[in-house]
Amino acid sequence: MSNTPTDRRYAKSHEWLKDEGDGSFTIGITDHAQELLGDLVFVDLPEVGASLEAGSDCAVVESVKAASDVYSPVTGEVIAVNEALDGAPETINEDAFGAGWMFKVKLTESGELDNLLDATGYDALLAEEA
Amino acid sequence: MIYEHSREGRRATAQAPLETTEAAGIPAELRRTRPPLLPQVSEMQAVRHFTRLSQKNFSIDTQFYPLGSCTMKYNPRACNTLASLPGLLSRHPLAPDTHSQGFMACLYELQEILKTVTGMHAVSLTPAAGAQGEFAGVAMIRAYHDAREDGARSEILVPDAAHGTNPASAVMCGYKAREIPTGADGDIDIEALKSVLGPQTAGIMLTNPSTVGVFERRIKEIAELVHAVGGLLYYDGANLNAILGKVRPGDMGFDVIHMNLHKTFSTPHGGGGPGAGPVGVSKRLEPYLPVPMVDFDGSDYRWLTEIDRPDSIGRLSAFAGNAGVLIRAYVYARLLGREGMHRVSEFSTLNANYLLKRLMDAGFDAAYPERRASHEFILTLKRQAKELGVNTMDFAKRLLDYGVHAPTTYFPLLVPECLLVEPTETEAKEDLDNFVEIMQTIKQEAENQPETVKQAPHTMPVRRLDDVRAARELDLAWKGGEQPSK
Amino acid sequence: MPFIPHTEEDIREMLAAIGVGHIDALFDEIPRELRCGELETIPPGMPEMEVSRLMQARARADGQPLCFIGAGAYDHHIPAAVWELATRGEFYTAYTPYQAEASQGTLQLLYEYQSMMTALTGMDVSNASLYDGASALAEAVLMAVRANRKSKSKRILLPRSLHPAYRRVVHTIVRNQRIELVEVDYDANTGLIDSADLETHGGEDFAALVIPQPNFFGVLEAVDGLTDWAHQNGMLAIAVVNPLAMALLKPAGEWGEQGADICCGEGQPLGAPLASGGPYFGFLCSTDKLVRQIPGRIIGKTVDVEGKTGYALTLQAREQHIRRSKATSNICTNQGLMVTAATIHMTLMGAEGLQRTAAACHANTDRLIQALTALPGVEPVFEGAVFHERVLRLPIEAKKALRALAAHNVLGGVDLSADYPALGDALLVCATELRSEDDIENYRAKLERVIQSQSQTPCQLKPDW
């Protein structure tokens, strides 16, 4: 049974994006992604105010033996980052879809949402990769 | 911890100058107000502490050390003794040429020897390690293209199996590193290479034999393809030990190479350096070699600097690189001579192929079973990991219990659960046989008592370490306060 | 066959096991046409006895002149125990501590080294070494450009009072990343960074200011004001220091209001012999804040599964073997053995031993200056305090003076005319704690004779060609 939340959309590079309903979108990495990386030891977040392009690397998650870029699923401006991750990167391991969110953006290109997968599509992707 | 032996007022008094002076010429606002927190111990305490620390290490002098890609062969003691002769040890790097002829003769002859064994047109000894040699090599490729006003070239190609220093060096020179895939037989995927070659290609960095332990058979074709689009070929000398006196990078079509003298020329690895990474080039790159170099006019040796070589990429260290390492390599080369160099590749290859065959007979899987091993080979423990739940890391740690340093693990990344094994030419047959027996024993343990392997090592000074804690709760220096715990 | 243990019988058995008839068959995957022949120009091998004879002759040929050269490499006492211990096979022939459990000796030693270097420099963290002082500065410059997110310019202020070779090395290493090095002049009277020239860059966008202490002329810079100036202008402060001087001088971590951000330099004065310029080691320390931008190996203290203290490589995700093209540097092998020596050296010398050595160097150089400036026409070029080097102006051509002194087995210093033509016939001289009063008198007497002979009025009679 899939645990992939259905209230958000997914990028093929394993980020999730959730519409907060107030014009802002929250972004994080999926549970599958954190599992592949293992125990995270550091998260490097973008700066508030930074403008991101869809598909550009904007954050880094590090485990002991790997470092992985996080790509912005959409084009927009960073309006908040999860500062609680600084000093507690394990939050992503524990709750990737909730308390382990990484940053929030204000969208500048709304059409890009259509390029992302829904939960079913993402589960299909995982099944394919396995 | 050395600080545990520290007591206020204790000194190794024989070591400080007798005279005490106030250094009155230095104004108060520029002075230190508190002494630095260094240990306060007696000489014997220090000697005992560091002797004991040394005993917690595996080393070539004490263990079989088949660390793939690192060429952990015997480091002849004469190299150290002769490089430490008083005249060499006390020579100031800026001593005039009149007081440097002996030293420079050694360097000049080493340049000549390295030119011959690599088939290159000219050599500069100055890079301090393989990675600095790579930097110099790629910087020369860049200088060459720039001089031809061919500056639009933006990419350096590297195989996906390449050592991480290759892409990192390319980026330090302002290039983008683009990966090319390795085929199922271990050679470069030529079709994939063709598809990425173009006017943006500045060059390609290759190791041959490659990091997967086999000789790149179509190297001539690769060289032609890359040259045809105006790119240059870079040879990473990490595996030069495999081909010394058999085939030369210059003859394969490479334009620029670096050598790792701490590998092929047996200078000590020293717990992580110093190395030396001389670079050799074809004729067209000769003007760009890093300085200083040594020149000989038939009677005198002299330094070639920026003034003599205005197109040089420049200087990589304040003086002439790791001179003492170069002297050790020179001594090694003179001990070996030309026949000795042929034998390096012959016996390192013999040992690798023998060991691979014995291990395959013992039930281990080679990553490239159809291929001849070079001086090293890859085993994959994918089957054991799947069937027994015992992975490469576990095998590696258990080897330590049996008194063998583990081969390189999880490199190259494209072979799952891999062990890269390089026995080197200085190991005797019985040591290789012993390694096979140990591997068999561990395999049996993995089958019958997997926990023993999964929890290894059991006999080392420490058990498996908490790497996650090391990275999350950074403790990188002792800062005083309480005496550190024992 | 030197160092190859195989007997004829071993070879036969091994070939039989592989299933080939002779060793050359093992190279059958190498295309025939590429194979090389005999390496004829390489001399035949020699037994150790003969190589030993050759090397002794070569070493003797260079003599052991009396050395008053410093300029980045200094002749210091090294306790006998340092290299006795460092060349133990377990240190000398181990490699990078990839298998932590079998490398606790090296790892713990590196942690102790990091502890000692942070103590000496007053910084928070240290890496486990880089190649040498000059390349360490280049890495510090790259680090500052990455770390200073406020600066968009990729420009660095580099004083001309910094070692000329260091400036060249930094240029070589950073220029392909489009980093611009802007030079700041020195004050002709003091030899210090020219504050008026520096001030012209106030308010401009630079990633960092490089501050040498002492500077290349031996002169002590006003480090507090420079560090504060850098910070006020949004720049990082990169200290380039002599680590021995740090035992006596204010450590970089205490400069100005906030301390330097990065402190790097040449580790050679801590236990490495002159040895023609290497191997030495570069050190690099920083504030906690910049730790993830540090290049090279870093060791952390941790525990094993039973809770016992142990040491491991940490923050490896910065490094090339994981991060590949996005690594903080391409460095892999560093200068481990030199760091081993330095750690033992610092332990045996202790804070007091290093401080006394530093003070003795200062005093000896002072004596040397007194002695030489008593000669007619020899004068110090810069006023103000120095550590253990000073620039002197000669009444004769510096190059000729040095050549004449060398002929008498005295290395009288470094001729600065090529790098600093404005200084005239200037020499950079140094007398470490190893130079005795007799040595200094020897130099003085010989320089006196050289000056006398070279300043005699040249013969008025022109040869009649």
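**The largest cavity and the sheet of chain C**

Author: The lining of the largest cavity is made up of 10 nonpolar, 5 polar and 2 charged residues. Keep in mind that this is a predicted model.

Reader: Thanks! What makes a residue such as tyrosine count as nonpolar, and glycine as polar?

Author: The classes are fixed by residue type: Tyr and Pro are listed among the nonpolar ones, while Gly belongs with the polar ones. Among the residues closest to the centre of the largest cavity are C:Gly72, C:Tyr74, C:Tyr166 and C:Pro214. By that rule C:Gly72 is therefore polar, and C:Tyr74, C:Tyr166 and C:Pro214 are nonpolar.

Reader: Why is this space called a cavity, and not a pocket?

Author: A 1.4 Å probe fits in a cavity but cannot get out, whereas a pocket is open. The search of the whole structure finds 11 cavities of 30 Å³ or more, and the largest cavity holds about 250 Å³ of space.

Reader: Which domains of chain C supply its lining?

Author: Domain 2 (66–71 + 350–454) and domain 3 (80–345) of chain C each give at least three residues to the lining of the largest cavity. The assignment for chain C also has a domain 1, residues 8–51, and the centres of domain 1 and domain 3 of chain C are 45 Å apart.

Reader: What is notable about the peptide bond leading into C:Pro214?

Author: From C:Gln213 to C:Pro214 the peptide bond is cis, with omega near -10°. Most peptide bonds are trans. C:Pro214 sits in the loop between β5 and α9 (223–232) of chain C. Another cis bond runs from C:Gly278 to C:Pro279, with omega near 0°, and C:Pro279 is in the loop between β7 and β8 of chain C.

Reader: How do you know that β5 and β6 of chain C pair?

Author: Pairing takes at least two bridges. Strands β5 (residues 208–213) and β6 (residues 236–241) of chain C have 6 bridges in the parallel sense, so they count as paired. Within this pair, C:Val210 stands opposite C:Ile238 in β6(C).

Reader: And what makes the sheet of chain C open, with strands at its edges?

Author: Its 7 strands follow the order β2-β8-β7-β6-β5-β3-β4 in chain C, with mixed pairing. β2 (125–126) and β4 (180–184) of chain C are the edge strands, each with a single partner, so one side of each has no neighbour in the sheet. Helix α6 (residues 133–147) of chain C lies across several strands, including β5 and β6, and runs at about 165° to β7(C).

Conventions. Residues are numbered from 1 along each chain as its sequence is written. Chains are lettered from A and ligands numbered from 1 in the order in which they are written. This is a predicted model: local features need pLDDT of at least 70, side-chain atom pairs count only at pLDDT 80 or more; totals for chains, interfaces and linings use all residues. Side-chain values use heavy atoms; hydrogens and water are left out. Helices (H or I, at least four residues) and strands (E, at least two) are DSSP runs, numbered from the N terminus. Contact means heavy atoms within 4.5 Å. Axes are lines fitted to C-alpha atoms, for helices over the stretch in contact, and angles run from 0 to 180 degrees between N-to-C directions. Domain bounds come from an automatic or database domain assignment. On a 1 Å grid over the protein atoms alone, a cavity is a set of points where a 1.4 Å probe fits but cannot get out, and a pocket is an open set with protein on both sides within 12 Å along at least five of seven lines; lining residues have an atom within 4 Å of a point. Grid points are joined across faces, edges and corners, and a volume is the space filled by probe spheres set on the points.
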